[in-house]
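Let's take a walk through this chain, strand by strand and core by core. Have the sequence and the 3D view open side by side.

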Amino acid sequence: LVMIFYGSNGKSDLVSMGNKVEHQAKNQVAYDIHLPTDLGMLYKVRLGLQHLENSMSQLSFHHFKMQNTSTLDTFSLTINKTLPLSLNGDRWIEFPVEWPLKAALSVATYHITVFSRNILAKRNVVHMTACVYGAHGDTGDRSLLCSLENVHQEEDSESFVVVMDAVELGELDKVILLISSKADCKLHVKKLHLKEALKDDPIYVFEVNETFSVDANNSEIQKEIPVSFVIKGDKRKNGSDNNSHTEGSQPGNLTDYTIKVYTGDKRGAGTDANVHIILFGNEDKSEIFQLSQPLEHQDPFERGRVDTFKIMTKKLGSLHSIEIGHDGKGF
């Protein structure tokens with residue numbers, strides 16, 4: 001049994017309960033734990049099992065009580081959950097800490113949609129976890145190949161949804177994937193979509209577009225993926241397609257936009273033509289911008305690539321649509 005404590009100034013190391021039993025009664029165990037003073041005000045606790053073994057019996061938690069022995073402030077919570085939460089499932093329970101006169105965060109259910117090509121066929125030998133980071137800390141490593149929902153499989157693509165409960169993370173900024181396997185294999189991950197289950201948006205999109213060569217004899221692969229863009233409002237309808245995404249800031253009478261164009265990865269998806277874009281807002285429309293000089297590459301709109309463009313235009317108000325097209329030149 002292990003715990004991790006989150007405070008306003010950071011989080012603790014893994015605190016093992018294996019040798020810290022101070023008081024034990026029927027169905028009740030008490031521990032004395034010394035945490036670093038620089039954690040600040042505690043706001044979250046993650047409680048779980050350090051390792052999941054197939055022969056391990058389930059462990060039920062009914063109640064959790066924590067007291068600061070200096071101030072005597074006490075936090076108490078009824079849990080009534082069992083670990084692991086499902087067969088080969090999540091090994092963590094998270095809950096917010098609510099101290100006197102201090103509002104607590106809430107627990108949210110997150111949906112992680114994984115878009116891939118061949119993971120489902122190898123799920124019996126592959127171990128894949130994701131640690132999601134946000135303004136309010138991280139989720140720890142959570143399995144992506146247990147308790148799957150909404151599984152869709154086509155000839156060259158697949159997607160599935162993973163459900164995860166965690167103390168609300170706030171604005172998300174990155175995901176760290178950890179991949180290992182019992183057998184040598186190649187896994188292709190296209191992207192991840194992450195949102196709260198009870199909300200239609202925002203949807204955080206993490207573009208991966210990478211094939212991982214997993215060696216059974218080597219250590220696990222770690223991949224850090226920053227958020228690619230965020231889909232809000234009406235734009236969420238286009239979230240799973242290859243689209244342009246815009247985000248703006250408004251200094252003075254001008255607005256800067258970052259435009260990311262995600263070119264498809266099928267044969268013939270790219271173009272050598274001259275591409276243009278026009279932005280339409282509720283106050284005005286922009287001039288025609290030629291998307292010819294991306295930040296990443298000299299040759300834009302190649303198959304499977306992402307091209308980023310910076311433009312500046314007059315104030316348009318809230319964007320509601322774009323026009324994007326090309327002049328038909330080249331192959």
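What follows covers two strand pairings, a small sheet and the nonpolar cores. One thing up front: this is a predicted model.

Start with the hairpin of β7 and β8. Strand β7 spans residues 59-67 and β8 covers residues 74-83; the two run antiparallel, joined by 8 bridges. If you want a spot to zoom in on, K65 has S76 as its bridge partner in β8. Between the strands sit 6 residues, and in this hairpin L72 takes a positive phi near 65 degrees.

Further along there's an open sheet of 3 strands, ordered β24-β23-β26 with antiparallel pairing. β24 (289-290) and β26 (319-326) are the edge strands, each pairing on one side only. β23 (residues 275-281) is tied to β26 by 7 bridges, and I278 finds its bridge partner in β26 at E323.

Here are the two pairings side by side:

| Strands | Direction | Bridges |
|---|---|---|
| β7 and β8 | antiparallel | 8 bridges |
| β23 and β26 | antiparallel | 7 bridges |

Now for the packing. The largest nonpolar core has 33 residues, and I112, M128, V132, L144, F160, L187 and F206 have the most contacts inside it. Two or more residues each come from β10 (107-116), β11 (126-134), β15 (158-167), β16 (172-181), β17 (185-196) and β18 (203-214). Which residues does L144 touch, leaving aside neighbours within four places in sequence? L144 is in contact with I112, V114, M128, T129, A130, F160, V162 and L177. Apart from this core lies another of 19 residues, including F5, M66, L83 and W99.

Notes
Residues are numbered from 1 along each chain as its sequence is written. This is a predicted model: local features need pLDDT of at least 70, side-chain atom pairs count only at pLDDT 80 or more; totals for chains, interfaces and linings use all residues. Side-chain values use heavy atoms; hydrogens and water are left out. Two strands pair if DSSP finds at least two bridges between them. Helices (H or I, at least four residues) and strands (E, at least two) are DSSP runs, numbered from the N terminus. A nonpolar core is a set of buried Ala, Val, Leu, Ile, Met, Phe, Trp, Tyr and Cys residues joined through side-chain atoms within 4.5 Å. Buried means under 20% relative accessible area, exposed over 50%, partly exposed in between (1.4 Å probe, protein chains only). Contact means heavy atoms within 4.5 Å.
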